[in-house]
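Me: I have a model open and would like to talk through how its parts fit together. Could you take me through it piece by piece?

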Amino acid sequence: MQVDAVVLDIDGVLVDVADSYRRAIVESIDRVYGATIAREDVQPFKDAGGFNNDWELTDAAALYVLAGRQTEGIDLTVPAFTDRVADAGGGLAGAKTVLADALAPETWDTVRQAWDSERLRDVFQALYLGTELYRDLEGGDPPVETDGYIHDEPVLVDPETIDALRERFDVGVVTGRPAAEAEIALDRVGLDLPAIHRFTMDDWEEGKPHPAALVTLADRFETTTVAFVGDTLDDVRTARNAEEADPERVYYGIGVLTGGLTGESGRRAYVDAGADAVVADVNELLELLERDASRPDA
């Protein structure tokens, strides 16, 4: 696979977020409402698409929990619910559509009145960032005091991989993290990139799988072939959408098995979504990718 540029997601690719972001999703809902989804139920939401933003995933899961506690609430397992969300277009908007269709109007009104997106976000950030970082990044005192799950993110990429990728390719990042949290993760893994070579939640409105960020990075690198490496089906869909939006370039979508998608079932899911390759972890990229020898600067 010959490429000019490699664009990386952060979560599940460079750092493991099972005990940070995903834990914060589950525990935020529990702290606010006294009930929540299981940790393994986060992945079906991710697979439904449109949940590049974990705050919105938390909102959607909270709405599901609130609907389930109503006498005439929704009677669906998480996989069945998220399948319907996917059919409705994915994301928080899709979740709202499914619930509005499935619930009686008065029940849906009750669920919406109980839903407190702002409080969920504040609790999420307090759990994830911890007290000190919350005060630094969010301002004010957190609603709960913790050390912060952000410190529980094992590094998945070897320093040698970072060095080799930067020596051989143009390297960029497209992530759903806010800019400040992306900076913390990139510092941890030792990947120093200029601002023009990365897109965070703060840099574009659409989010994955919209292709705008990936296509813009390809423009900035002046490349003809780009590999995008991620840990969700939306990452693969981003590459496929970029290919459709920008047919003069080649975009490869590569899935890693170090996020929520693992094992043979994860591999199949990536392939079904249109992945060009699946690797056990980001360190296998070096065996998969070669510099495009036709490029004048190769």
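**Leu 285 and its surroundings**

Reply: Leu 285 counts as buried, because its relative accessibility is 0%. Please keep in mind throughout that this is a predicted model.

Me: Okay, and which element is Leu 285 in?

Reply: Leu 285 belongs to helix 13, which covers residues 285-288.

Me: What does Leu 285 touch, if I skip residues up to four places away in sequence?

Reply: With those left out, Leu 285 touches Val 6, Leu 8, Leu 165, Val 229 and Ile 254. For Leu 165 there is also a backbone distance to quote, since the C-alpha atoms of Leu 285 and Leu 165 are separated by 8.6 Å, although the two positions lie 120 residues apart along the chain.

Me: Switching to the strands, how many bridges join strand 5 to strand 6, and which way do they run, parallel or antiparallel?

Reply: Strand 5, residues 225-230, is joined to strand 6 by six bridges, and the two run parallel. One of the partnerships is that of Ala 227, whose bridge partner in strand 6 is Tyr 252.

Me: And what joins strand 6 to strand 7?

Reply: Three bridges join strand 6 to strand 7, which spans residues 277-279, and this pair also runs parallel. Within it, Gly 255 stands opposite Val 278 of strand 7.

Me: Which helices go with those strands in β-α-β units?

Reply: Helix 11 sits with strand 5 and strand 6 in a right-handed β-α-β unit, and helix 12, residues 263-272, makes a right-handed β-α-β unit with strand 6 and strand 7.

Me: How many residues of strand 6 are buried?

Reply: Five of the seven residues in strand 6 are buried, so the strand is mostly covered.

Me: Where does Asp 246 fit in?

Reply: Asp 246 is in the loop that runs from helix 11 (233-245) to strand 6 (250-256). Its relative accessible area of 11% makes Asp 246 buried, and, neighbours within four places in sequence aside, Asp 246 is in contact with Val 215 and Tyr 251.

**Charged pairs**

Me: New topic, how many salt bridges does a search of the whole structure find?

Reply: The search finds 18 salt bridges. As a general point, side chains of opposite charge can pair when their charged atoms come close.

Me: Which ones are in helix 11?

Reply: Among them is the bridge between the side chains of Asp 234 and Arg 237, at 2.9 Å from N to O. Asp 234 and Arg 237 are about one helical turn apart, because three residues separate them in helix 11. Another is the bridge between Arg 240 and Glu 243, at 3.1 Å from N to O, and these two likewise lie in helix 11, three residues apart, about one turn of the helix.

Me: Is Asp 234 buried or exposed, and what about Arg 237?

Reply: Asp 234 is buried, with a relative accessible area of 5%, whereas Arg 237 is partly exposed at 26%.

Me: What about Asp 54, which residue does it bridge to?

Reply: Asp 54 forms a salt bridge with Lys 46, and their closest N and O atoms are 2.7 Å apart. Asp 54 counts as buried at 11% relative accessibility, and Lys 46 counts as buried at 12%.

**Rings**

Me: Now the aromatics, how many pairs does the structure hold?

Reply: The structure holds six aromatic pairs. In one of them, the rings of Tyr 21 and Tyr 128 have centres 4.1 Å apart and planes at 10 degrees, so this pair is stacked. Tyr 21 lies in helix 1 (residues 21-33) and Tyr 128 in helix 7 (residues 117-137), so the pair ties together parts that are 107 residues apart in sequence. Both Tyr 21 and Tyr 128 are buried.

Me: Why is the Phe 45 and Phe 51 pair called edge-to-face?

Reply: The planes of Phe 45 and Phe 51 are at 75 degrees, with ring centres 5.8 Å apart, and therefore the pair is edge-to-face. Phe 45 and Phe 51 are both buried, and ring pairs link them with Tyr 64 and Phe 81 into a cluster.

Me: Last one, which charged ends sit over rings?

Reply: The charged end of Arg 23 sits over the ring of Tyr 149, 3.9 Å from its centre, and the charged end of Arg 121 sits over the ring of Trp 55, 4.0 Å from its centre.

Conventions
Residues are numbered from 1 along each chain as its sequence is written. This is a predicted model: local features need pLDDT of at least 70, side-chain atom pairs count only at pLDDT 80 or more; totals for chains, interfaces and linings use all residues. Side-chain values use heavy atoms; hydrogens and water are left out. Helices (H or I, at least four residues) and strands (E, at least two) are DSSP runs, numbered from the N terminus. Buried means under 20% relative accessible area, exposed over 50%, partly exposed in between (1.4 Å probe, protein chains only). Contact means heavy atoms within 4.5 Å. A salt bridge is a side-chain nitrogen of Lys or Arg within 4 Å of a carboxyl oxygen of Asp or Glu. Two strands pair if DSSP finds at least two bridges between them. A crossover is right-handed if, with the strands pointing away from the viewer, the path from the first strand over the helix to the second runs clockwise. Rings of Phe, Tyr and Trp (its six-membered ring) pair if their centres lie within 6.5 Å; planes under 30 degrees apart count as stacked, over 60 as edge-to-face and the rest as tilted. A charge sits over a ring if NZ of Lys or CZ of Arg is within 6 Å of the ring centre and within 35 degrees of the ring normal.
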